[in-house]
Amino acid sequence: DSAFKNNLREELNYQGITVKELASKTGIPYPTISCYLSSRQTMPPADIAVKISKALNVLPFELLIP
């Protein structure tokens, strides 16, 4: 399992943010974020990871470390 996927899911749950809300905050399409949360794709490109971390107000490495 991907650390990014698990950390992102935990952070969304912790903050009470839905994937739809995250998509709206970041401008990243909902299906793209859903892919990062599924087993289809494990890791986003760096610029997308930074956008997601900024929207969640966490440091990028916090989403990447296992």
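Buried residues make up 42% of the 66 residues in the protein chain, and the exercises below explore where some of them lie in this predicted model.

**Exercise 1. The overall fold**

Determine how many helices and strands the protein chain has, and decide how its radius of gyration relates to the globule rule.

*Solution.* Begin with the secondary structure: the protein chain has five helices and zero strands, so that, read from the N terminus on, its elements run α-α-α-α-α. Next, take the radius of gyration, which is 10 Å and therefore close to the 11 Å that the globule rule gives for 66 residues, so the chain is as compact as a globular protein of that length. Taken along the principal axes, the C-alpha atoms fill a box of roughly 25 × 25 × 20 Å. Then turn to the contacts: among those between residues at least 6 apart in sequence, 58% join residues at least 24 apart. Finally, consider the accessible surface, which comes to about 4100 Å², with 55% of it belonging to carbon and sulfur atoms.

**Exercise 2. The faces of helix α4**

Work out which residues of helix α4 are buried, and why they can be said to line one face of the helix.

*Solution.* In helix α4, which covers residues 46-56, the buried residues are I48, A49, I52, S53, A55 and L56. Seen down the axis of α4, these buried residues fall within an arc of 160 degrees, and therefore they line one face of the helix. On the other side of α4, A46, D47 and K54 are exposed. The last step is to ask what the buried residues pack against, and the elements are α1 (3-15), α2 (19-26), α3 (30-37) and α5 (60-64).

**Exercise 3. A serine inside helix α4**

Decide whether S53 is buried or exposed, and find which backbone oxygen its side chain reaches.

*Solution.* S53 has its place in helix α4. Its relative accessibility is 1%, and because a residue under 20% counts as buried, S53 is buried. The side chain of S53 reaches the backbone oxygen of V50 at 2.9 Å. Leaving aside neighbours within four places in sequence, S53 is in contact with V58, L59, P60 and L63.

**Exercise 4. The residue just after helix α4**

Find what is notable about the phi angle of N57, and decide whether this residue is buried or exposed.

*Solution.* First locate the residue: N57 lies in the loop between α4 and α5. Its phi is near 60 degrees, a positive value in a residue other than glycine. To judge this value, recall that most residues other than glycine have a negative phi. As for accessibility, N57 stands at 70%, and because a residue over 50% counts as exposed, N57 is exposed.

**Exercise 5. Helix α3 and the loop that follows**

Identify the buried residues of α3, and then examine S38 in the loop between α3 and α4.

*Solution.* In α3, the buried residues are I33, S34, Y36 and L37. Seen down the axis of α3, they fall within an arc of 155 degrees, so they line one face of the helix. These buried residues pack against α1, α2 and α4. Moving on to the loop between α3 and α4, we find S38, which at 18% relative accessibility counts as buried. A polar atom of the side chain of S38 lies 3.0 Å from the backbone oxygen of C35. For a sense of distance, the C-alpha atoms of S38 and K51, which are 13 residues apart along the chain, are separated by 19 Å.

**Exercise 6. The nonpolar core**

Determine which residues of the largest nonpolar core touch the most other members, and which element gives the largest share of this core.

*Solution.* The largest nonpolar core has 18 residues, and those that touch the most other members are F4, L8, L12, L22, I33, I52 and L56. The elements that give two or more residues to this core are α1, α2, α3 and α4, and the largest share, five residues, comes from α4. To follow one core residue more closely, take L12: not counting residues up to four places away in sequence, L12 touches I17, T18, V19, L22, L37 and L56.

**Exercise 7. A residue of helix α5**

State how accessible E62 is, and find how far its C-alpha atom is from that of N13.

*Solution.* E62 has its place in helix α5, and with a relative accessible area of 38% it is partly exposed. The C-alpha atoms of E62 and N13 are separated by 15 Å, although the two are 49 residues apart along the chain.

Key. Residues are numbered from 1 along each chain as its sequence is written. This is a predicted model: local features need pLDDT of at least 70, side-chain atom pairs count only at pLDDT 80 or more; totals for chains, interfaces and linings use all residues. Side-chain values use heavy atoms; hydrogens and water are left out. Buried means under 20% relative accessible area, exposed over 50%, partly exposed in between (1.4 Å probe, protein chains only). Helices (H or I, at least four residues) and strands (E, at least two) are DSSP runs, numbered from the N terminus. The arc is that of the directions from the helix axis to the C-beta atoms. Contact means heavy atoms within 4.5 Å. A nonpolar core is a set of buried Ala, Val, Leu, Ile, Met, Phe, Trp, Tyr and Cys residues joined through side-chain atoms within 4.5 Å. The radius of gyration is taken over C-alpha atoms; the globule rule is 2.2 Å times the number of residues to the power 0.38. Accessible areas come from the Shrake-Rupley method with a 1.4 Å probe; for residues, only the protein chains shown count as cover. A polar contact is a pair of N or O atoms within 3.5 Å; within protein, one must be able to donate a hydrogen and the other to accept it, and residues adjacent in sequence count only if both atoms are side-chain atoms.
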